Amino acid sequence: MSQPDEHAKGRDRGAVFTQKQQLYQPLTVEEDRQRTNTHYEQPVEFFYTLTGGDWNVYSANIWTGSETQTQSQERKLDLLAELMELRPGMRIMDVGCGWGGPLVYLSTKYGVRGVGLTLSSLQKAAADERIAARGADVTIVESHWKDYEDDEPFDVIYTDEVIVHFHDLGDYFKKVYGLLRDGGVMLNKELHLVHGRHSEMTRAMSFINEIFGSTGNYRTLAEELTLAGEAGFDVAAIRQMPLKEYQKTVDSWMANMKANRARLEELVGRDTFRRFLTYLQLCHHIHGGTRMTLDLVVCRKPMPVAGPALVAKSN
């Protein structure tokens, strides 16, 4: 993929975008924390109302065969569990765990122990309340992935539409590799560009990037796979989710916002309400196009090879 300064040559009918509006910005840990929290440090009630359902999943869910938001969330989480091959007693990590819903669901249904990472104190407090109410074997840590350390290895580490916010994705994969046991699984669900040329800035892309604190780093699937391989991972599986599932998810969020407009405007103000609604409208439009795919990538940390290595004989 092209370098950031090349992407700065955005083309949208002569539009000129500031450096802050561009993709691919390297950030320090503190800058990353501050920018990320410009999006997530809203009242918890705002996001709970927006996302709906029992688990408040803030990512694409599976609406095919679902009648409620809770069902759509659980169908998606069950797919993640299937791909991660969860079994009772496993130890898993959710990087970018939000308000703890997905991790609590997986812990209570599949009998796994969980650790969730978040940069938001509001998210941690909400997740801790959910854990206590559900009696889940889950711990939430307010920490950047770069700073997190643990003496006990994980069986699975996963993200759900989070790695788009990691400028140094290769370093993240290396970090995960070190935290996993031999044979452990890394799963990432993410949107991918179908070609690097689509990373050029448009008004819509600039707006979406800015509402997330300018932390966007959209990549092609090929680049993600290359970086995972360089970190030492084997690719175990790739599953694609239809973008129509994302459109249906976004439509449900917009319906929640409109049905509760007065209360949400009271919580965050009219301007923030309007910006979030515009962001969701743009997402609906983008997910109806052909520039992106929504993929679940499963990688495995190899087991040590016993005995002599097999090497090709030279002539």
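Helices here are DSSP runs of at least four residues, marked H or I and numbered from the N terminus, and it is in this sense that Leu106 lies in helix 5. The views below are taken from a predicted model.

**View 1. Overview of the protein chain.** The secondary structure of the protein chain comprises 12 helices and 7 strands. Of the 315 residues in the protein chain, 54% are buried. Among contacts in the protein chain with a separation of 6 or more, 77% are made by residues that stand 24 or more positions apart.

**View 2. Helix 5 and the elements that cover it.** Helix 5 is mostly covered, with 7 of its 10 residues buried, and these are Gly101, Pro102, Leu103, Val104, Tyr105, Leu106 and Ser107. The buried residues of helix 5 pack against helix 4 (69-84), strand 1, strand 2 (113-118), helix 6 (121-134), strand 3 and strand 4. After helix 5 comes Gly111, which has a positive phi, near 70°.

**View 3. The surroundings of Leu106 in helix 5.** Leu106 has a relative accessibility of 0% and therefore counts as buried, the cut-off for that class being under 20% relative accessible area. When residues up to four places away in sequence are not counted, Leu106 touches Leu77, Ala81, Met84, Leu86, Ile92, Gly111, Val112 and Tyr158. One of these partners, Leu86, is 20 residues from Leu106 along the chain, and the C-alpha atoms of the two residues are separated by 8.7 Å.

**View 4. Aromatic rings around Phe47.** The structure holds 19 aromatic pairs. In one of them, Phe46 and Phe47 meet edge-to-face, at 5.3 Å centre to centre and with 80° between the planes, and both Phe46 and Phe47 are buried. The rings of Phe47 and Trp99 have centres 4.9 Å apart and planes at 35°, so this pair is tilted. Because Phe47 belongs to helix 3 (residues 44-51) whereas Trp99 sits in the loop between strand 1 (91-95) and helix 5 (101-110), the pair ties together parts that are 52 residues apart in sequence. Trp99, like Phe47, is buried. Ring pairs join Phe46, Phe47 and Trp99 with Tyr40, Tyr48, Tyr58, Trp253, Phe276 and Tyr279 into a cluster.

**View 5. The packing of helix 10 on helix 12.** Helix 10 (residues 243-259) and helix 12 (residues 270-286) pack with their axes 9 Å apart and at an angle of about 155°, which means that helix 10 is roughly antiparallel to helix 12. The crossing in which helix 10 passes helix 12 is left-handed. Helix 10 contributes Gln247, Val250, Asp251, Trp253, Met254, Met257 and Lys258 to the contact, while helix 12 contributes Phe273, Phe276, Leu277, Leu280, Gln281, Cys283 and His284. Sorted by class, the residues in the contact of helix 10 with helix 12 are 9 nonpolar, 3 polar and 2 charged. Trp253 and Phe276, which take part in this contact, also belong to the aromatic cluster of the preceding view.

**View 6. The loop position of His144.** His144 is placed in the loop between strand 3 (138-142) and strand 4 (154-160). With a relative accessible area of 3%, His144 is buried. Leaving aside neighbours within four places in sequence, His144 is in contact with Val29, Asp32, Arg33 and Leu119.

Key
Residues numbered from 1 in each chain as written. Predicted model: local features only at pLDDT ≥ 70, side-chain atom pairs only at ≥ 80, totals over all residues. Heavy atoms only, no water. Axes fitted to C-alpha atoms, helices over the stretch in contact; angles between N-to-C directions. Helix = DSSP H or I, 4+ residues; strand = E, 2+ residues; numbered from the N terminus. Parallel < 35°, antiparallel > 145°, perpendicular 65-115°, else oblique. Left-handed = near helix turned anticlockwise from the far one by under 90°. Contact = heavy atoms within 4.5 Å. Nonpolar A, V, L, I, M, F, W, Y, C, P; charged D, E, K, R; others polar. Phe/Tyr/Trp six-rings, centres within 6.5 Å; stacked < 30°, edge-to-face > 60°. Buried < 20%, exposed > 50% of the residue type's maximum accessible area, 1.4 Å probe, protein only.
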